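Please open the structure in the viewer and keep the sequence panel visible. The tour below proceeds by selections, each followed by a description of what is found there.

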Amino acid sequence: MKCYDTSLVNTSDKYKDIIIHGIKKGARVKFIATRLTILFIGLLLTTSANDAMILINVTMLPILFEFANTSIEYTNDIFGCAYNKNIKNSKDIMAAVVFLSDLPMFIYIIILLIKKLRSRK
């Protein structure tokens, strides 16, 4: 098990430093880049402001949950890197939440795609 560098967790610096640290270390740049790419493609498919707002919300949800997952991992790692079943369970549950938060995004992208294809007829 890898212990994370928690030097920025208890700092009194600006939130910007913590967010950048989260993006670089814990929140996985590929994860965020993929979600932002999906958002961009989805915005190309939208035809109304309501669709765009819903898409932005369902796309940002997995990113926010990934930040929460990273913070839980940091917090759990403060207690040491020794194997602990409860810590493993909390990390697994939060990973499932991140995964499940992707479902509304993909469902809504499919709905937008179907709407776009039907409007072409």
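In which helix is Met-60 found? Select Met-60: this residue of the predicted model is found in helix H3. Its relative accessibility is 31%, so Met-60 counts as partly exposed, a class that lies between the cut-offs of 20% and 50%.

Next, add Ile-32, which lies in helix H2. Because its relative accessibility is 12%, Ile-32 counts as buried; the cut-off for that class is under 20%. Although Ile-32 and Met-60 are 28 residues apart along the chain, a distance of 9.2 Å separates their C-alpha atoms.

Now select the whole of helix H2, residues 29-45. At 1.5 Å a residue, its 17 residues should span 24 Å, and the end C-alpha atoms are indeed 24 Å apart, so the two values agree. Within H2, colour the buried residues Phe-31, Ile-32, Arg-35, Ile-38, Leu-39, Gly-42 and Leu-45. Then look down the axis of H2: the buried residues fall within an arc of 135° and therefore line one face of the helix. Rotate to the face turned away from this buried side, where the exposed residues Lys-30, Phe-40 and Leu-44 are carried.

Finally, select Leu-36, Leu-43, Met-53, Ile-56, Met-60 and Leu-64, which make a nonpolar surface patch of about 490 Å². Which elements give two or more residues to the nonpolar patch? They are H2 and helix H3 (49-78). The largest share, four residues, comes from H3.

Note on methods:
Residues are numbered from 1 along each chain as its sequence is written. This is a predicted model: local features need pLDDT of at least 70, side-chain atom pairs count only at pLDDT 80 or more; totals for chains, interfaces and linings use all residues. Side-chain values use heavy atoms; hydrogens and water are left out. The expected span of a helix is 1.5 Å times one less than its number of residues. Buried means under 20% relative accessible area, exposed over 50%, partly exposed in between (1.4 Å probe, protein chains only). The arc is that of the directions from the helix axis to the C-beta atoms. Patches are made of residues with over 30% relative accessible area and no salt bridge: like charges are joined within 9 Å, nonpolar side chains (Val, Leu, Ile, Met, Phe, Trp, Tyr) within 5 Å. Accessible areas come from the Shrake-Rupley method with a 1.4 Å probe; for residues, only the protein chains shown count as cover. A salt bridge is a side-chain nitrogen of Lys or Arg within 4 Å of a carboxyl oxygen of Asp or Glu.
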